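I open this notebook to record what I looked up in the structure. The entries are kept in the order in which I made them.

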Amino acid sequence: MSSTTIKIIGFALLAAVLIFGGFLLYITITDYKPKETTPLTVNHNQELMMKQGEPFAITTFNIGYAGLDKDQDFFMDGGTKSRSSSEEQTKTNLEAIASLMTTSGSDLFMLQEVDLDSSRSNHIDEVSLLSNTFSDYSNVFATNYKVPWVPIPVLDPMGSVNSGLLTLSKFGSTSNVRYDLPGKESWPRQLFELDRAFLESRFPVDNGKELILINLHLSAFDQGGTIRKQQLEYLSTYIQRENDKGNYLILGGDWNHSLPGTTPEAFETTQAWPEWLQQFPEDFKPEGFQWAVDAKVPSVRTLDVAYSEGVNFRAVIDGFLVSPNITISGVQGHDLSFEHSDHNPVTATLILR
């Protein structure tokens with residue numbers, strides 16, 4: 001090999017190192033670093049007050065950025081894809097999701113993986129679209145994933161991501177706060193990961209108490225579940241503090257654990273239990289709190305391959321944990337066969353005692 005060829009190769013390698021180093025520096029400088037608590041602005045706040053003794057319906061739904069329909073897989077789960085198949089399909093999924101929400105007739109919606117401006121969902125503002133669809137609901141959004149560019153998978157990178165949690169309500173709230181959850185991956189991996197959080201909304205009740213609504217999305221792919229453990233410990237402390245005040249508490253969303261009272265064995269599959277899914281820890285159970293889950297309808301499916309009933313592993317990881325002073329009147333998982341999201345929504349009917 002000639003000296004000229006060696007120099008060319010050397011310069012090419014140096015250029016690649018400098019470009020990659022510059023990219024990491026840029027991502028590090030622009031990294032989203034929220035405080036532990038961030039007050040949020042609620043839009044179109046409603047005047048209706050919650051009433052003790054009157055039933056109301058609440059739905060949780062991880063919409064998978066309207067890109068994880070039945071024909072999709074996902075690279076983090078063993079598949080190859082990182083984006084919606086097309087802008088048209090994203091809009092089709094989003095319209096179907098909104099239609100289901102309307103049909104449910106819920107008074108409160110807790111949504112996860114709602115994109116504000118992301119490459120993976122063709123830069124469609126899903127927050128505005130859903131908020132405008134439900135214009136007679138208040139809406140509040142909390143960011144939990146904000147990265148200028150996710151460079152993997154190499155051949156089809158996820159790209160820019162701006163996404164989070166969206167809560168819609170027919171009731172008037174007095175406070176909405178983003179709580180940053182503890183537990184971070186090591187640098188530089190954390191630069192490209194979600195900044196996990198929960199969205200707290202406080203609603204006055206006609207008996208002088210407050211309903212505290214927690215919209216959450218816990219970690220999934222952390223090695224050994226150590227980050228999830230930290231997040232649950234943080235939640236436990238939070239729950240104890242608010243429960244001691246005699247308030248009503250509803251925690252709902254995507255727990256990324258197989259929830260108590262459910263078992264994946266109820267659902268036919270040819271796949272093994274996925275490595276990322278853990279049983280919900282038995283030692284996490286605030287005294288008197290109750291799980292509102294539907295054990296008969298799976299709320300999530302694996303994403304290593306497109307959906308085929310009886311093939312994909314399925315489990316119940318979406319649902320609600322409610323305080324002792326709330327009656328669970330009914331819970332329904334909506335079996336949508338994962339047509340437009342990798343999750344199925346769950347609706348609970350509750351009564352404040």
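**Entry 1: N176.** I looked up whether N176 is buried or exposed. Its relative accessibility is 5%, so N176 counts as buried, the cut-off being under 20%. I note that the model is predicted, and that I treat each value here as computed from it. I then located N176 in the secondary structure and found it in strand β6, which comprises residues 175-180.

Next I listed the contacts of N176, leaving aside its neighbours within four places in sequence. The residues are T38, P39, L40, V42, V140, E200 and S201. I also took one distance: the C-alpha atoms of N176 and A142 are separated by 9.3 Å, while the two residues lie 34 residues apart along the chain.

**Entry 2: I239.** I turned to helix α4, which runs over residues 226-243 and contains I239. I239 has a relative accessible area of 1% and is therefore buried. With neighbours within four places in sequence set aside, I found I239 in contact with L249, L251, F284, P286, F289 and L321. For a second distance I chose Y32, which is 207 residues from I239 along the chain. The C-alpha atoms of this pair are separated by 27 Å.

**Entry 3: the whole chain.** I counted four helices and 17 strands in the protein. The radius of gyration is 21 Å, close to the 20 Å that the globule rule gives for 353 residues, so the protein is as compact as a globular protein of that length. I recorded the span of the C-alpha trace along its principal axes as about 85 × 45 × 40 Å.

I then asked what share of the 353 residues counts as buried. The figure is 54%. For contacts with a separation of 6 or more, I found that residues 24 or more positions apart account for 76%.

**Entry 4: surface and charge.** I obtained an accessible surface of about 15300 Å² for the protein, and carbon and sulfur atoms hold 55% of this area. The protein has 26 positive and 44 negative charges, and I found the mean positions of the two sets to be 5 Å apart.

**Entry 5: domains.** I consulted the domain assignment, which gives domain 1 (1-30) and domain 2 (34-352). The contact between them takes six residues from domain 1 and seven residues from domain 2. Taken over C-alpha atoms, the centres of domain 1 and domain 2 are separated by 41 Å.

How values were computed
Residues numbered from 1 in each chain as written. Predicted model: local features only at pLDDT ≥ 70, side-chain atom pairs only at ≥ 80, totals over all residues. Heavy atoms only, no water. Helix = DSSP H or I, 4+ residues; strand = E, 2+ residues; numbered from the N terminus. Rg over C-alpha atoms; globule rule 2.2 N^0.38 Å. Buried < 20%, exposed > 50% of the residue type's maximum accessible area, 1.4 Å probe, protein only. Contact = heavy atoms within 4.5 Å. Areas by Shrake-Rupley, 256 points an atom, 1.4 Å probe, with all protein chains shown as cover. Lys, Arg positive; Asp, Glu negative; His and termini not counted. Charge placed at Lys NZ, Arg CZ, Asp CG, Glu CD. Domains from an automatic or database assignment.
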